[in-house]
Amino acid sequence: MEGDEKSKIGVLMIGTGEYTTGFVGGKAADSDKGAGVVALTIFDLRRRGKVGRIGMCGVNGKKFPGVRAHMQRNIGDVYSDMDLTCETFPADDAVDPEAYVKAASTFKRGDVAIIFTPDDTHYSIATCCIAAGMHVMVTKPVVKTLAEHTALASAASAADRLCCVEVHKRLDPFYADARDRVRSSLGNFQYIYAYMSQPKHQLETFGAWAGKSSDISYYLNSHHVDLTEWTLHGRARPERVTATASTGVASSKGIETEDSITLTVQWKNVPDGTMGCAVYTSSWVAPRSDVHSQQRFFYMGSKGEINVDQAHRGCTLAQDGQPFLSVNPLFMKYTPTAGKFAGQGGYGVKSFEVFVDACIGCNAGTQKPGDYDDGSLATIHTTYQGSAILEAGRRSLDADGQPMDIVYDGVEGLVPTGINPHEF
(Lines give C-alpha, C1' and ligand atoms only; values in the text may rest on other atoms or scores of the structure.)
Protein backbone atom coordinates (compact mmCIF):
# COMPACT_ATOMS: atom_id res chain seq x y z
CA MET A 1 0.00 0.00 0.00
CA GLU A 2 2.83 2.40 0.88
CA GLY A 3 4.52 1.87 -2.48
CA ASP A 4 1.25 2.43 -4.29
CA GLU A 5 0.74 5.72 -2.44
CA LYS A 6 4.24 6.89 -3.40
CA SER A 7 3.46 6.32 -7.08
CA LYS A 8 0.47 8.65 -6.94
CA ILE A 9 0.68 12.41 -7.22
CA GLY A 10 1.47 14.20 -3.97
CA VAL A 11 -0.19 17.42 -2.86
CA LEU A 12 1.30 20.13 -0.65
CA MET A 13 -1.24 22.63 0.67
CA ILE A 14 0.43 25.93 1.58
CA GLY A 15 -1.68 28.07 3.88
CA THR A 16 -3.77 26.80 6.78
CA GLY A 17 -6.59 29.36 6.96
CA GLU A 18 -10.30 29.52 6.23
CA TYR A 19 -10.41 28.21 2.68
CA THR A 20 -7.93 25.42 3.32
CA THR A 21 -9.06 24.12 6.72
CA GLY A 22 -11.95 26.29 7.93
CA PHE A 23 -9.93 26.99 11.10
CA VAL A 24 -9.66 30.68 12.01
CA GLY A 25 -8.77 32.27 15.33
CA GLY A 26 -8.75 28.98 17.20
CA LYS A 27 -12.18 27.85 16.03
CA ALA A 28 -14.29 27.03 12.99
CA ALA A 29 -14.69 30.00 10.65
CA ASP A 30 -17.90 31.99 11.06
CA SER A 31 -18.76 31.58 7.40
CA ASP A 32 -20.14 29.06 4.93
CA LYS A 33 -16.78 27.24 4.93
CA GLY A 34 -16.36 26.07 8.54
CA ALA A 35 -15.08 22.69 7.36
CA GLY A 36 -12.78 24.27 4.79
CA VAL A 37 -12.60 23.44 1.10
CA VAL A 38 -9.05 22.59 0.03
CA ALA A 39 -8.10 20.03 2.69
CA LEU A 40 -11.48 18.29 2.59
CA THR A 41 -11.23 18.03 -1.19
CA ILE A 42 -7.66 16.69 -1.17
CA PHE A 43 -8.41 14.12 1.54
CA ASP A 44 -11.37 12.95 -0.55
CA LEU A 45 -9.22 12.74 -3.69
CA ARG A 46 -6.90 10.44 -1.75
CA ARG A 47 -9.90 8.36 -0.61
CA ARG A 48 -10.87 8.01 -4.27
CA GLY A 49 -7.37 6.92 -5.28
CA LYS A 50 -6.12 10.00 -7.16
CA VAL A 51 -3.73 11.44 -4.55
CA GLY A 52 -1.02 9.84 -2.44
CA ARG A 53 1.12 11.88 -0.08
CA ILE A 54 -0.47 14.97 1.49
CA GLY A 55 1.33 17.82 3.23
CA MET A 56 0.24 21.07 4.79
CA CYS A 57 2.46 24.10 5.37
CA GLY A 58 1.89 27.23 7.41
CA VAL A 59 3.99 29.79 9.24
CA ASN A 60 3.16 29.03 12.87
CA GLY A 61 3.53 25.33 13.67
CA LYS A 62 2.01 25.95 17.10
CA LYS A 63 -1.40 26.14 15.39
CA PHE A 64 -1.25 22.59 14.03
CA PRO A 65 -2.60 20.74 17.10
CA GLY A 66 -5.69 22.97 16.87
CA VAL A 67 -5.92 22.49 13.10
CA ARG A 68 -5.76 18.70 13.45
CA ALA A 69 -8.42 18.68 16.16
CA HIS A 70 -10.63 20.93 14.05
CA MET A 71 -10.28 18.71 10.98
CA GLN A 72 -11.05 15.64 13.04
CA ARG A 73 -14.26 17.22 14.37
CA ASN A 74 -15.39 18.63 11.03
CA ILE A 75 -14.13 15.99 8.60
CA GLY A 76 -13.01 12.79 10.33
CA ASP A 77 -16.02 12.60 12.69
CA VAL A 78 -18.50 13.63 9.99
CA TYR A 79 -17.50 11.49 7.00
CA SER A 80 -16.67 7.80 7.12
CA ASP A 81 -13.56 6.33 5.48
CA MET A 82 -11.71 9.67 5.44
CA ASP A 83 -8.01 9.35 6.28
CA LEU A 84 -6.68 12.65 7.64
CA THR A 85 -3.00 11.65 7.68
CA CYS A 86 -1.06 14.75 6.72
CA GLU A 87 2.56 15.85 7.14
CA THR A 88 2.83 19.38 8.51
CA PHE A 89 5.47 22.10 8.16
CA PRO A 90 7.01 23.66 10.26
CA ALA A 91 7.22 21.52 13.38
CA ASP A 92 4.57 22.05 16.06
CA ASP A 93 6.99 24.06 18.20
CA ALA A 94 8.37 26.25 15.40
CA VAL A 95 7.49 29.49 13.67
CA ASP A 96 8.99 29.86 10.19
CA PRO A 97 7.68 32.22 7.47
CA GLU A 98 9.76 30.30 4.92
CA ALA A 99 8.74 26.79 5.94
CA TYR A 100 7.41 26.32 2.40
CA VAL A 101 11.00 26.15 1.09
CA LYS A 102 11.77 23.01 3.09
CA ALA A 103 8.30 21.58 2.54
CA ALA A 104 8.51 21.91 -1.26
CA SER A 105 11.98 20.34 -1.30
CA THR A 106 10.59 17.14 0.23
CA PHE A 107 8.05 16.60 -2.56
CA LYS A 108 8.92 14.93 -5.83
CA ARG A 109 9.00 16.51 -9.27
CA GLY A 110 5.51 16.50 -10.74
CA ASP A 111 3.73 16.80 -7.39
CA VAL A 112 1.25 19.61 -6.78
CA ALA A 113 1.39 22.76 -4.63
CA ILE A 114 -1.89 24.51 -3.78
CA ILE A 115 -1.26 28.00 -2.41
CA PHE A 116 -3.81 29.85 -0.25
CA THR A 117 -1.79 32.50 1.57
CA PRO A 118 -1.83 36.33 1.81
CA ASP A 119 -1.67 37.88 -1.64
CA ASP A 120 1.76 39.45 -1.28
CA THR A 121 3.34 36.03 -0.64
CA HIS A 122 1.97 34.29 -3.75
CA TYR A 123 4.82 35.13 -6.10
CA SER A 124 7.70 34.01 -3.88
CA ILE A 125 5.96 30.79 -2.83
CA ALA A 126 4.84 29.88 -6.35
CA THR A 127 8.28 30.48 -7.89
CA CYS A 128 9.88 28.37 -5.14
CA CYS A 129 7.51 25.47 -5.79
CA ILE A 130 7.99 25.66 -9.56
CA ALA A 131 11.77 25.65 -9.05
CA ALA A 132 11.29 22.47 -6.99
CA GLY A 133 9.57 20.87 -10.01
CA MET A 134 6.01 21.13 -8.74
CA HIS A 135 2.87 22.06 -10.64
CA VAL A 136 1.22 25.03 -8.94
CA MET A 137 -2.30 26.30 -8.30
CA VAL A 138 -2.56 29.71 -6.63
CA THR A 139 -5.69 31.32 -5.26
CA LYS A 140 -6.81 34.52 -6.91
CA PRO A 141 -5.24 36.98 -7.37
CA VAL A 142 -2.38 34.85 -8.62
CA VAL A 143 0.03 37.76 -7.97
CA LYS A 144 -0.37 41.48 -7.29
CA THR A 145 1.49 43.02 -10.23
CA LEU A 146 1.78 42.52 -13.97
CA ALA A 147 5.56 42.26 -13.63
CA GLU A 148 5.23 39.38 -11.18
CA HIS A 149 2.67 37.71 -13.46
CA THR A 150 5.05 37.92 -16.41
CA ALA A 151 7.95 36.52 -14.37
CA LEU A 152 5.85 33.67 -12.98
CA ALA A 153 4.62 32.75 -16.46
CA SER A 154 8.22 32.66 -17.69
CA ALA A 155 9.26 30.46 -14.76
CA ALA A 156 6.41 28.01 -15.43
CA SER A 157 7.31 27.81 -19.13
CA ALA A 158 11.00 27.29 -18.45
CA ALA A 159 10.27 24.49 -15.99
CA ASP A 160 7.50 22.98 -18.16
CA ARG A 161 5.14 23.10 -15.18
CA LEU A 162 1.41 23.74 -15.14
CA CYS A 163 0.63 26.94 -13.22
CA CYS A 164 -3.01 27.95 -12.73
CA VAL A 165 -5.18 30.41 -10.84
CA GLU A 166 -7.89 29.00 -8.57
CA VAL A 167 -11.00 30.82 -9.80
CA HIS A 168 -13.78 28.34 -9.08
CA LYS A 169 -16.56 30.41 -10.61
CA ARG A 170 -15.41 29.11 -13.98
CA LEU A 171 -16.76 25.73 -12.82
CA ASP A 172 -20.11 27.16 -11.67
CA PRO A 173 -22.63 25.84 -14.26
CA PHE A 174 -24.53 29.17 -14.25
CA TYR A 175 -21.38 31.20 -14.95
CA ALA A 176 -20.03 28.71 -17.48
CA ASP A 177 -23.33 28.71 -19.37
CA ALA A 178 -23.45 32.50 -19.31
CA ARG A 179 -19.94 32.64 -20.75
CA ASP A 180 -20.86 30.28 -23.59
CA ARG A 181 -24.05 32.21 -24.38
CA VAL A 182 -22.11 35.48 -24.51
CA ARG A 183 -19.54 34.05 -26.89
CA SER A 184 -22.05 32.30 -29.11
CA SER A 185 -24.88 34.77 -29.55
CA LEU A 186 -24.69 38.06 -27.61
CA GLY A 187 -22.43 39.99 -29.97
CA ASN A 188 -19.77 42.54 -29.03
CA PHE A 189 -19.18 43.47 -25.41
CA GLN A 190 -21.11 46.53 -24.27
CA TYR A 191 -21.43 46.55 -20.48
CA ILE A 192 -21.08 44.46 -17.34
CA TYR A 193 -21.89 45.34 -13.75
CA ALA A 194 -20.65 42.87 -11.12
CA TYR A 195 -21.01 42.97 -7.35
CA MET A 196 -19.57 40.74 -4.66
CA SER A 197 -19.52 41.17 -0.89
CA GLN A 198 -18.75 39.54 2.41
CA PRO A 199 -20.18 40.46 5.85
CA LYS A 200 -18.29 42.90 8.01
CA HIS A 201 -17.49 40.31 10.68
CA GLN A 202 -15.12 38.78 8.11
CA LEU A 203 -12.81 41.73 8.74
CA GLU A 204 -11.91 39.93 11.97
CA THR A 205 -10.96 36.86 9.92
CA PHE A 206 -8.86 38.94 7.54
CA GLY A 207 -7.55 41.45 10.07
CA ALA A 208 -3.99 40.11 9.94
CA TRP A 209 -3.59 41.09 6.28
CA ALA A 210 -6.47 43.40 5.27
CA GLY A 211 -5.06 46.71 4.10
CA LYS A 212 -1.49 45.46 4.59
CA SER A 213 -0.80 42.73 2.09
CA SER A 214 -3.93 43.25 0.00
CA ASP A 215 -7.35 44.87 -0.33
CA ILE A 216 -10.96 43.91 -1.05
CA SER A 217 -10.59 44.48 -4.79
CA TYR A 218 -7.75 41.97 -5.11
CA TYR A 219 -9.72 39.60 -2.89
CA LEU A 220 -13.21 39.75 -4.45
CA ASN A 221 -13.24 41.84 -7.64
CA SER A 222 -10.73 39.30 -8.93
CA HIS A 223 -13.59 36.81 -9.43
CA HIS A 224 -15.64 38.86 -11.87
CA VAL A 225 -12.58 40.40 -13.48
CA ASP A 226 -11.52 36.84 -14.30
CA LEU A 227 -15.02 35.98 -15.55
CA THR A 228 -14.81 38.91 -17.98
CA GLU A 229 -11.31 38.03 -19.17
CA TRP A 230 -12.31 34.39 -19.68
CA THR A 231 -15.54 35.33 -21.45
CA LEU A 232 -13.93 37.88 -23.77
CA HIS A 233 -10.70 35.93 -24.33
CA GLY A 234 -9.33 36.67 -27.79
CA ARG A 235 -12.07 39.20 -28.51
CA ALA A 236 -11.50 42.22 -26.28
CA ARG A 237 -8.88 43.78 -24.04
CA PRO A 238 -9.04 46.14 -21.03
CA GLU A 239 -7.50 49.53 -21.80
CA ARG A 240 -8.19 51.94 -18.95
CA VAL A 241 -8.95 51.48 -15.24
CA THR A 242 -10.29 54.03 -12.77
CA ALA A 243 -10.87 53.14 -9.12
CA THR A 244 -12.94 54.69 -6.34
CA ALA A 245 -13.53 53.58 -2.76
CA SER A 246 -15.70 53.98 0.33
CA THR A 247 -14.24 54.06 3.84
CA GLY A 248 -15.18 54.29 7.50
CA VAL A 249 -16.30 50.89 8.75
CA ALA A 250 -12.96 49.07 8.64
CA SER A 251 -11.12 52.06 10.08
CA SER A 252 -13.57 52.17 13.00
CA LYS A 253 -12.38 48.64 13.81
CA GLY A 254 -8.74 49.71 13.71
CA ILE A 255 -8.13 48.28 10.23
CA GLU A 256 -6.82 50.88 7.81
CA THR A 257 -8.27 49.74 4.52
CA GLU A 258 -11.07 50.54 2.11
CA ASP A 259 -14.56 49.19 2.89
CA SER A 260 -15.60 48.87 -0.74
CA ILE A 261 -13.73 49.35 -4.01
CA THR A 262 -15.22 49.98 -7.44
CA LEU A 263 -13.20 49.52 -10.62
CA THR A 264 -14.47 51.10 -13.83
CA VAL A 265 -12.75 49.45 -16.77
CA GLN A 266 -12.92 50.44 -20.45
CA TRP A 267 -12.69 47.39 -22.70
CA LYS A 268 -11.99 47.53 -26.43
CA ASN A 269 -13.53 45.02 -28.81
CA VAL A 270 -10.45 44.15 -30.83
CA PRO A 271 -12.03 43.18 -34.17
CA ASP A 272 -13.72 46.55 -34.81
CA GLY A 273 -12.36 48.92 -32.14
CA THR A 274 -15.72 49.56 -30.47
CA MET A 275 -15.73 50.14 -26.71
CA GLY A 276 -17.45 48.56 -23.71
CA CYS A 277 -17.58 49.44 -20.03
CA ALA A 278 -17.21 47.19 -16.97
CA VAL A 279 -18.01 48.16 -13.37
CA TYR A 280 -16.75 45.82 -10.64
CA THR A 281 -17.66 46.52 -7.01
CA SER A 282 -16.55 44.51 -3.99
CA SER A 283 -17.12 45.07 -0.28
CA TRP A 284 -16.35 43.43 3.05
CA VAL A 285 -18.63 45.56 5.19
CA ALA A 286 -22.01 44.10 4.20
CA PRO A 287 -24.54 43.18 6.92
CA ARG A 288 -25.34 39.60 7.78
CA SER A 289 -28.06 38.31 5.49
CA ASP A 290 -29.44 35.07 4.08
CA VAL A 291 -26.12 34.42 2.30
CA HIS A 292 -22.50 34.74 3.34
CA SER A 293 -21.57 36.44 0.08
CA GLN A 294 -23.71 38.44 -2.32
CA GLN A 295 -22.52 37.58 -5.82
CA ARG A 296 -24.16 38.69 -9.06
CA PHE A 297 -23.60 40.26 -12.44
CA PHE A 298 -25.50 41.79 -15.35
CA TYR A 299 -23.96 41.51 -18.81
CA MET A 300 -25.09 43.30 -21.96
CA GLY A 301 -23.78 42.59 -25.42
CA SER A 302 -24.67 44.24 -28.71
CA LYS A 303 -27.20 41.46 -29.38
CA GLY A 304 -28.54 40.54 -25.95
CA GLU A 305 -28.14 40.52 -22.18
CA ILE A 306 -27.92 38.04 -19.29
CA ASN A 307 -28.38 38.29 -15.50
CA VAL A 308 -26.90 35.82 -13.00
CA ASP A 309 -27.54 35.89 -9.24
CA GLN A 310 -24.98 33.42 -7.92
CA ALA A 311 -26.07 33.89 -4.32
CA HIS A 312 -29.67 32.72 -4.79
CA ARG A 313 -30.23 29.37 -6.48
CA GLY A 314 -33.86 28.89 -5.49
CA CYS A 315 -32.98 26.84 -2.40
CA THR A 316 -33.74 28.20 1.08
CA LEU A 317 -33.34 26.64 4.51
CA ALA A 318 -35.22 27.42 7.73
CA GLN A 319 -34.22 25.60 10.91
CA ASP A 320 -35.12 25.99 14.58
CA GLY A 321 -32.54 28.09 16.36
CA GLN A 322 -30.74 28.99 13.13
CA PRO A 323 -30.93 32.03 10.83
CA PHE A 324 -32.85 31.78 7.56
CA LEU A 325 -30.49 30.87 4.73
CA SER A 326 -30.33 30.79 0.97
CA VAL A 327 -28.03 27.84 0.37
CA ASN A 328 -25.87 26.94 -2.60
CA PRO A 329 -25.06 23.22 -2.71
CA LEU A 330 -23.71 23.75 -6.23
CA PHE A 331 -20.57 25.19 -4.56
CA MET A 332 -19.98 22.81 -1.63
CA LYS A 333 -22.25 20.02 -0.42
CA TYR A 334 -21.14 19.39 3.15
CA THR A 335 -24.10 17.21 4.17
CA PRO A 336 -22.97 13.55 3.96
CA THR A 337 -24.80 10.87 1.99
CA ALA A 338 -24.87 7.46 3.69
CA GLY A 339 -22.12 8.72 5.99
CA LYS A 340 -19.71 9.68 3.20
CA PHE A 341 -18.64 12.97 1.71
CA ALA A 342 -20.80 13.45 -1.38
CA GLY A 343 -19.77 16.90 -2.62
CA GLN A 344 -17.73 15.80 -5.61
CA GLY A 345 -20.17 17.50 -7.99
CA GLY A 346 -19.71 20.93 -6.41
CA TYR A 347 -17.66 23.46 -8.31
CA GLY A 348 -15.65 24.18 -5.16
CA VAL A 349 -14.36 20.59 -5.35
CA LYS A 350 -14.18 20.35 -9.14
CA SER A 351 -11.87 23.36 -9.31
CA PHE A 352 -9.14 21.35 -7.58
CA GLU A 353 -9.96 17.95 -9.06
CA VAL A 354 -9.70 19.11 -12.68
CA PHE A 355 -6.34 20.70 -11.88
CA VAL A 356 -5.04 17.53 -10.20
CA ASP A 357 -6.29 15.48 -13.17
CA ALA A 358 -4.48 17.82 -15.55
CA CYS A 359 -1.24 17.48 -13.57
CA ILE A 360 -1.57 13.69 -13.61
CA GLY A 361 -1.96 13.87 -17.40
CA CYS A 362 1.10 16.11 -17.74
CA ASN A 363 3.18 13.73 -15.61
CA ALA A 364 2.03 10.76 -17.69
CA GLY A 365 2.96 12.53 -20.92
CA THR A 366 -0.58 12.35 -22.31
CA GLN A 367 -0.97 16.13 -21.95
CA LYS A 368 1.31 19.17 -21.96
CA PRO A 369 0.90 22.30 -19.80
CA GLY A 370 0.28 24.35 -22.94
CA ASP A 371 -2.74 22.22 -23.83
CA TYR A 372 -4.70 23.99 -21.10
CA ASP A 373 -4.19 27.48 -22.52
CA ASP A 374 -7.40 26.89 -24.51
CA GLY A 375 -9.58 28.24 -21.70
CA SER A 376 -10.24 24.87 -20.08
CA LEU A 377 -8.13 26.01 -17.10
CA ALA A 378 -7.19 29.46 -15.84
CA THR A 379 -3.50 29.14 -16.67
CA ILE A 380 -0.88 31.74 -15.86
CA HIS A 381 -0.50 32.32 -19.62
CA THR A 382 -4.15 33.26 -20.18
CA THR A 383 -4.80 35.53 -17.17
CA TYR A 384 -2.48 38.50 -17.75
CA GLN A 385 -5.35 40.93 -18.24
CA GLY A 386 -6.83 40.21 -14.81
CA SER A 387 -3.54 40.95 -13.07
CA ALA A 388 -3.18 44.17 -15.06
CA ILE A 389 -6.70 45.35 -14.12
CA LEU A 390 -6.24 44.65 -10.42
CA GLU A 391 -2.83 46.32 -10.24
CA ALA A 392 -4.10 49.31 -12.23
CA GLY A 393 -7.03 49.61 -9.83
CA ARG A 394 -4.74 49.71 -6.82
CA ARG A 395 -2.48 52.25 -8.48
CA SER A 396 -5.48 54.41 -9.42
CA LEU A 397 -6.65 54.44 -5.80
CA ASP A 398 -3.18 55.32 -4.57
CA ALA A 399 -3.09 58.18 -7.11
CA ASP A 400 -6.38 59.64 -5.82
CA GLY A 401 -8.46 58.17 -8.64
CA GLN A 402 -6.19 58.94 -11.58
CA PRO A 403 -7.04 56.61 -14.49
CA MET A 404 -4.41 54.04 -15.48
CA ASP A 405 -3.83 52.94 -19.07
CA ILE A 406 -2.97 49.31 -19.82
CA VAL A 407 -0.29 49.09 -22.52
CA TYR A 408 -0.04 46.48 -25.29
CA ASP A 409 2.23 45.72 -28.23
CA GLY A 410 0.22 46.84 -31.25
CA VAL A 411 -3.40 47.80 -31.80
CA GLU A 412 -4.57 44.17 -31.65
CA GLY A 413 -2.27 42.89 -28.91
CA LEU A 414 -4.02 40.98 -26.15
CA VAL A 415 -1.23 40.47 -23.59
CA PRO A 416 -0.59 43.54 -21.44
CA THR A 417 3.01 44.75 -21.32
CA GLY A 418 2.72 47.67 -18.90
CA ILE A 419 0.58 50.15 -16.97
CA ASN A 420 0.93 53.93 -17.29
CA PRO A 421 -0.91 56.83 -15.62
CA HIS A 422 -3.36 58.32 -18.08
CA GLU A 423 -2.43 61.73 -19.42
CA PHE A 424 -5.36 64.02 -20.21
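User: Where does Pro-90 sit?

Analyst: In this predicted model, Pro-90 is found in the loop between strand E5, residues 87-89, and helix H5, residues 99-105. The peptide bond that leads into Pro-90 from Phe-89 is cis, with an omega near -5°.

User: And which residues does the bond with omega about -10° join?

Analyst: That cis peptide bond joins Lys-140 and Pro-141. Pro-141 lies in the loop between strand E7, which covers 135-139, and helix H7, which covers 146-159. As background, most peptide bonds are trans, and most residues other than glycine have a negative phi.

User: On phi, what is the value for Asp-81, and where does that residue lie?

Analyst: Asp-81 has a positive phi of about 60° although it is not a glycine, and it lies in the loop between H4 and E5. With a relative accessible area of 55%, Asp-81 is exposed, because the cut-off for that class is over 50%.

User: What about Asp-160, what is phi there?

Analyst: Phi of Asp-160 is near 55°, again a positive value in a residue other than glycine. Asp-160 lies in the loop between H7 and strand E8, residues 163-166, and its relative accessibility of 46% makes it count as partly exposed.

User: Switching to H4, what does that helix span from end to end?

Analyst: Helix H4, residues 64-76, spans only 16 Å between its end C-alpha atoms, whereas a straight helix of 13 residues would span 18 Å at 1.5 Å a residue.

User: Which residues of H4 are buried?

Analyst: The buried residues in H4 are Phe-64, Val-67, His-70, Met-71 and Ile-75. Seen down the axis of H4, these buried residues fall within an arc of 120°, so they line one face of the helix.

User: Why would residues spaced like that point the same way?

Analyst: An α-helix has 3.6 residues a turn, so residues three or four places apart point the same way.

User: Now cavities, how many are there of 30 Å³ or more?

Analyst: The count comes to four cavities of 30 Å³ or more. The largest cavity has a volume of about 120 Å³, and of the 14 residues that line it, the closest to its centre are Val-165, Thr-383, Gly-386, Ser-387 and Leu-390.

User: Which elements contribute to that lining?

Analyst: The elements that give two or more residues to the lining of the largest cavity are helix H10, residues 216-231, and helix H13, residues 384-398. H10 gives the most, with four residues.

User: How many of the lining residues are nonpolar, polar and charged?

Analyst: The lining of the largest cavity has six nonpolar, five polar and three charged residues.

User: And the second largest one, what lines it?

Analyst: The second largest cavity holds about 60 Å³ of space, and its lining residues include Ala-178, Arg-179, Val-182, Leu-227, Phe-297 and Tyr-299. Helix H8, residues 173-185, H10 and strand E13, residues 295-301, each supply at least two residues of that lining. By class, the lining of the second largest cavity has seven nonpolar, two polar and one charged residues.

User: Different topic, is Cys-129 buried or exposed?

Analyst: Cys-129 is buried, with a relative accessible area of 0%, and it is found in helix H6, residues 122-131. Cys-129 and Asp-111 are 18 residues apart in sequence, and their C-alpha atoms are 9.6 Å apart in space.

User: Then Arg-288, buried or exposed?

Analyst: Arg-288 counts as exposed, at 59% relative accessibility, and it is found in the loop between strand E12, residues 275-286, and E13. The C-alpha atoms of Arg-288 and Pro-199 are separated by 5.6 Å, although these residues are 89 residues apart along the chain.

User: Last one, what does the whole chain look like by the numbers?

Analyst: The secondary structure comes to 13 helices and 18 strands, and the C-alpha trace spans about 65 × 55 × 40 Å along its principal axes. The chain has a radius of gyration of 21 Å, which agrees with the value near 22 Å that a compact globule of 424 residues would have. Buried residues make up 56% of the 424 residues in the chain.

How values were computed
Residues numbered from 1 in each chain as written. Predicted model: local features only at pLDDT ≥ 70, side-chain atom pairs only at ≥ 80, totals over all residues. Heavy atoms only, no water. 1 Å grid on protein atoms, 1.4 Å probe; cavity = no way out; pocket = protein on both sides within 12 Å on 5 of 7 lines; lining within 4 Å. Points joined across faces, edges and corners; volume = space filled by probe spheres on them. Nonpolar A, V, L, I, M, F, W, Y, C, P; charged D, E, K, R; others polar. Expected span 1.5 Å × (residues − 1). Buried < 20%, exposed > 50% of the residue type's maximum accessible area, 1.4 Å probe, protein only. Arc of directions from axis to C-beta. Rg over C-alpha atoms; globule rule 2.2 N^0.38 Å.
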